[in-house]
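Student: I have a structure open and want to learn how to read its features. Can we go through them one by one?

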Amino acid sequence: MGHVRDLPQSATDIPANVKGEKWAQLGVNVESDFEPLYVIPKDKKKIVTQLKEALKSADELVLATDEDREGESISWHLLQLLQPKVPVKRMVFHEITQDAIRKALKNCRTVDEQLVRAQETRRILDRLVGYTLSPLLWKKIAKGLSAGRVQSVAVRLLVNRERQRRAFRQGSYWDLKATLEAKGKEAKGEFEAKLTTLAGTKVANGSDFDPDTGQIVAGRNVVLLNETQARELLERLTGKPWTVTDLEERPTTRKPAPPFTTSTLQQESNRKLRLSARDTMRVAQNLYEQGYITYMRTDSVHLSEQAIAAARSCVEQMYGKNYLSPQPRQYSTKSKGAQEAHEAIRPAGSSFRTPKETGLSGREFDLYDLIWKRTVATQMADSRQTQVIVQLQVEDAGFRSSGKRIDFPGFLRAYVEGYDDPEAALEDREVILPPLKKGDRPDCKNLEAIGHETQPPARYTEASLVKTLESEGIGRPSTYASIIGTIVDRGYAQIVSNALVPTFTAFAVTALLEQHFPDLVDPSFTSKMEQTLDDIATGEAAWLPYLRKFYSGDAGLETLVKARESQIEANVARTVAFDDLEAKVRIGSYGPYIEAQNGSDTVTASIPKDWTPADLDAELVEKLLKQKTEGPDKVGIHPETGEPIYVKIGPHGPYVQLGEKTEDKPKPKQASLPKGVTPDNLTLETAVGLLSLPRLLGTHPATGGKIQASIGPYGPYVVHDQGKEGKDYRSLKVSDNVLTVTLERALEILAEPKKGRRTSSKSKSALRELGAHPGDGEPVNIFEGPYGLYVKHGKTNAGLPEGQKVEDMTLDKALELLASKESSAKKSTKRKSTKASANGNGTATTAKKKTASSTRKTTTASKSKTKTS
DNA sequence: CAGTGAGCGAGCTTCCGCTTGACTT
C-alpha cells in the first residue's frame with residue numbers, strides 16, 4: 001500500500017487548526033524546527049482502519065516493509081499511527097521464498113530511527129523546493145507551472161539539448177566507397193572499403209566537425225573533400241591497382257548485459273517495443289500480479305540463487321551446455337544512490353516458464369519475452385568475435401575495410417541489447433570479409449563518391465532521458481515513468497514520434513531557474529543531497545542543521561526566493577529570446593506568442609498551439625508577423641464566387657479562408673491545410689478544393705449510403721453514412737489525397753477493419769469468438785484491452801470477472817455480463833459526457849488522477865495525443 | 001476552433017516517492 005501518511009498534498013488536506021498559519025501551505029512548520037504536518041491521505045484511510053482493527057487481536061506486530069529508506073519510513077509511520085501495545089519487530093527480506101522469510105523472521109531488528117530521519121529530510125527538502133519555487137513561477141511566468149528537484153533537472157536536460165540543436169551548424173564532407181573483389185584462389189568474394197587517408201593525411205569525417213560552426217575543428221590536421229574534389233579523386237583512382245597493405249585481426253569478447261532494473265527495462269521496452277515508460281510499467285504490473293515476474297520497481301541487478309539456477313537450467317535445456325557461462329554470473333549494482341530493496345526484474349519462480357509456455361499474448365507476451373531473454377542471457381557464455389581491419393592503398397589514397405566474424409555467439413543467441421541510435425545497431429551484424437593477406441591485389445568493381453552531412457545531437461527519448469536521470473541518481477524506480485508524465489502534463493514537453501521536445505514554457509522556466517537558482521537545477525544537486533542523507537542515516541550528520549542551512553540561512557532558499565520575487569520582472573521572465581530570431585517569444589495566458597517592434601508599434605501574433613521552439617525559424621516568424629501587419633496572403637480569387645481566398649496561420653496551424661469576416665458574414669468558410677501542404681506550395685486549385693470539402697464521392701453499392709471525403713481534427717478521412725446505423729469513419733492513408741481520392745479507393749479503405757486507437761496491432765483481433773447474440777445476431781467476442789479481458793457486443797463492453805479464463809467462457813456467461821452492463825449504460829453515458837466537457841480536450845497522459853480531471857488547459861499539453869493517435 | 005496578451009479577486013495550483021484499487025474501454 002505504500003506510504004500511509006504524508007504531508008498534505010493540497011489545500012483541502014490541510015487541517016482547519018493550522019490553516020491560518022503562514023507555513024500551512026508548505027505542510028512543514030519552518031518556524032518550529034521544520035516539524036512536518038502529517039495527514040493520512042484519503043485513499044489510505046481504509047487500510048489504516050483495517051490495520052488498527054487487525055492489531056486488536058494480534059499478540060505481536062511484525063513490520064515487514066522494504067529495506068530501504070522509504071520502506072523504513074513506512075514502518076515508522078505505522079508505529080506512530082498504530083501505537084501498538086504488543087511487542088514489535090522489524091523484519092526484512094528480499095525474496096519471497098519460504099527459506100528467506102523464515103530466516104528473516106529469526107533475524108528481526110528494530111526500526112532504524114536514523115534512516116527514518118534521512119527519509120523525512122528528503123521528504124521535507126523536496127517539499128520546500130517544490131512548494132516555494134512553483135508559486136514563484138505562477139507569479140512570474142504562468143499559473144499552474146511547477147518546479148522540483150527532479151522535474152526541473154529533467155526539463156533542463158531537454159532544453160539544453162534543444163539549445164545545442166538550435167546552435168548546431170551543419171557541415172558537409174565527401175568520401176569514397178569502393179566495392180572490391182578478392183581474386184585469390186581461396187579468397188573469393190566482394191567487400192567494401194572506405195577512403196580514410198590521402199597522401200598520409202586523414203580524410204575528414206563527421207567527428208572532425210565543430211557542431212557550433214559546421215566547420216572543421218580548429219587545428220585539426222585533416223583533408224576535407226568537397227563534391228568536386230571527391231569526384232576528381234574518383235576519376236584519378238579509377239583503373240589504378242589496389243594493394244592490401246595491412247591486415248589486423250582483433251579477437252574480442254562481449255559479456256551479456258546485467259538483468260533488468262526498472263530503468264533498463266523501460267529503456268529497452270521503449271527501444272524495442274516502442275512502449276512508453278508508463279505503458280511498460282502498466283504491463284509489468286500485470287505480469288507481476290499474475291505471478292509471471294518478480295517485483296518491477298527495483299534498482300538492483302542482484303539475482304537470487306534460485307533465479308540463477310533457474311536461468312542456467314533454461315540455458316542448458318534450450319541452448320545446450322556449450323552456451324552456459326562457466327561460472328554463475330552475479331552482477332553488482334553500480335548505479336548512483338541504489339537502495340537495493342528488491343531483486344532484479346526476472347521471470348518469477350524457481351523454474352522459468354518459456355514465453356511460449358505462458359500463454360500470454362500482445363504486449364504482455366512481448367514484455368515477458370524481453371525479460372525472459374535478458375535474464376537467461378545473463379547466465380550464458382560470452383560472445384567471441386573477431387574484428388578484422390584491412391588497410392588498402394591505391395595511388396596516394398588509403399582505404400579501410402572492417403569486418404566482423406562471430407566465432408561463437410554465446411549470449412547473443414538469446415539477447416541483443418537495443419540502441420537509441422539505429423546506426424549503432426548495425427555494430428552487432430556480422431560482416432564477413434574474404435580471407436585476404438598482405439600484398440593481395442583485389443579488383444575494384446565499383447568506386448563511388450558519397451556526400452555526408454553532420455547531424456545535430458538527437459533529442460532525448462523517454463529511454464535516453466530515463467537513462468540519463470538514473471546515471472545521475474535523479475529519481476527512483478517508482479518515479480521514472482511519472483517524471484515524464486509530469487513534464488508532459490505541465491506543458492514542458494511534447495512527445496513527437498518518440499522524441500521529447502521541450503516547449504516555449506520549458507525554455508522560459510529553465511532560463512529563470514538557471515539564472516536565479518543555478519544550484520537547484522544542477523544535476524549534481526541530488527547526488528550531494530544523497531550524500532548528506534547517507535550521513536544522516538549513519539549518524540555522521542544531523543538533519544536539522546542541514547535543513548536550516550538549506551532553507552533559513554542567509555543564503556537559504558526562503559531568503560533567496562523572497563529576494564528574487566521583487567527582483568524578477570514578470571515581463572522578462574515570460575520572454576524567451578532566441579539568438580537567430582529578432583522577435584521575442586512571450587508566454588501569455590493563452591499560450592506563447594511572438595512580439596516584435598514594427599516602427600513604434602508592438603505587433604503580437606499567436607504561435608499555433610502545438611508548435612515548439614523546434615518549429616520556429618526566422619522565416620516563419622516573419623510570416624506570422626506579416627499576416628498581422630499586412631493582412632493575410634491572398635492565394636487568388638475563387639472561380640465561382642469571385643471572393644478572394646486567403647491563407648492564414650491560426651492557433652491550429654495554417655488554413656485557408658474564403659472571403660473576409662464581415663458583419664453580414666461572421667463565419668467565412670475556412671479549411672485547414674493538410675499535412676504536406678504549406679502556405680508556400682499551396683495552389684489556388686488546392687485551396688478551392690479544400691474549401692469545397694466535404695466532397696461527395698458517391699454512394700455505397702451495398703447500402704446506398706453517401707460516401708464523403710473531408711478533413712477533420714485528426715486529419716483527412718472518408719465517411720460512409722449508414723443512415724440509422726450511424727456513420728463509419730476511416731482516416732485516409734498518407735499516400736491518399738483527400739481532394740482526388742476516388743469512390744473506389746474510399747470503399748477499399750472503408751472495407752478495412754477499424755483501427756482501435758488503444759489496441760496494438762497484435763491484439764486487435766478477438767481472442768475468442770463466442771457466437772452470435774440472440775438479440776440481434778451480432779457477434780460476441782472476447783478481447784484483451786488495457787484494463788484486462790472483456791467481452792464485446794456491438795458497442796457494449798463488459799470486463800471478465802477476475803480469475804475468469806478465456807477458455808472457460810461461454811456465450812451465456814458473456815450475455816449475463818453484457819446484460820448487466822447494458823442496463824447501466826444510460827447512467828454511464830451521462831457521466832461520461834459531463835466528464836468530457838469538464839476536461840475539455842481530453843488531456844494527454846497524466847501523472848496523477850488529480851490533474852487528469854482538472855480543468856486547467858496548458859497551452860501545449862494536448863499535442864502529443866493528437867500526433868500519436 | 002481560426003481570439004486573446006487588461007485588471008480585479010477568492011481560492012487554488014505546486015514537490016518526490018511509496019503503492020493498490022476504482023473506474024472504463
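**Reading the model**

Tutor: Over residues 1–97 the chain is 27% helix and 10% strand, and the end C-alpha atoms lie 21 Å apart. Helices (H or I, at least four residues) and strands (E, at least two) are DSSP runs, numbered from the N terminus. This is a predicted model: local features need pLDDT of at least 70, side-chain atom pairs count only at pLDDT 80 or more, and totals for chains, interfaces and linings use all residues. Residues are numbered from 1 along each chain as its sequence is written, chains are lettered from A and ligands numbered from 1 in the order in which they are written, and side-chain values use heavy atoms, with hydrogens and water left out.

Student: Which UniProt annotation covers residues 1–97?

Tutor: The unreviewed UniProt entry gives "domain: Toprim". Such annotations may be inferred rather than shown by experiment; positions follow the numbering used here, and feature names are shortened.

Student: How do I read a sheet? In what order do strands 17, 18, 19 and 20 come?

Tutor: Strands of a sheet pair through backbone hydrogen bonds, either parallel or antiparallel. Two strands count as paired if DSSP finds at least two bridges between them. Here the order is 17-18-19-20, in an open sheet with antiparallel pairing. Strand 17 (575–576) and strand 20 (601–606) are at the edges with a single partner strand each, so one side of each has no neighbour in the sheet. Strand 18 (residues 584–588) and strand 19 (residues 591–598) are joined by five bridges. Lys 584 has Glu 595 in strand 19 as its bridge partner.

Student: What packs on this sheet?

Tutor: Helix 15 (residues 504–516) does, touching strands 17, 18 and 19, at about 95° to the direction of strand 18. Helix 20 (residues 618–630) also packs there, touching strand 19 and strand 20, at about 115° to strand 20. Contact means heavy atoms within 4.5 Å. Axes are lines fitted to C-alpha atoms, for helices over the stretch in contact, and angles run from 0 to 180 degrees between N-to-C directions.

Student: Now the core. Which residues touch the most other members of the largest one?

Tutor: In soluble globular proteins, nonpolar side chains tend to be buried together. A nonpolar core is a set of buried Ala, Val, Leu, Ile, Met, Phe, Trp, Tyr and Cys residues joined through side-chain atoms within 4.5 Å. Buried means under 20% relative accessible area, exposed over 50%, partly exposed in between (1.4 Å probe, protein chains only). The largest core has 138 residues, and Ile 141, Leu 465 and Leu 616 touch the most other members. Helix 4 (residues 113–140) gives the most to this core, with 10 residues. A second, separate core of 27 residues includes Ala 193 and Leu 234.

Student: How many salt bridges are there?

Tutor: A salt bridge is a side-chain nitrogen of Lys or Arg within 4 Å of a carboxyl oxygen of Asp or Glu. The count is 46. One joins Arg 548 to Asp 33 at 2.7 Å, N to O. That pair links distant parts of the chain, 515 residues apart: Arg 548 is in helix 17 (residues 543–552), Asp 33 in the loop between strand 1 (28–29) and strand 2 (35–36).

Student: Are Arg 548 and Asp 728 buried or partly exposed?

Tutor: Arg 548 is partly exposed, at 40% relative accessible area. Asp 728 is buried, at 15%. Asp 728 forms a salt bridge with Arg 730, with the closest N and O atoms 2.7 Å apart. Arg 730 is buried too, at 12%.
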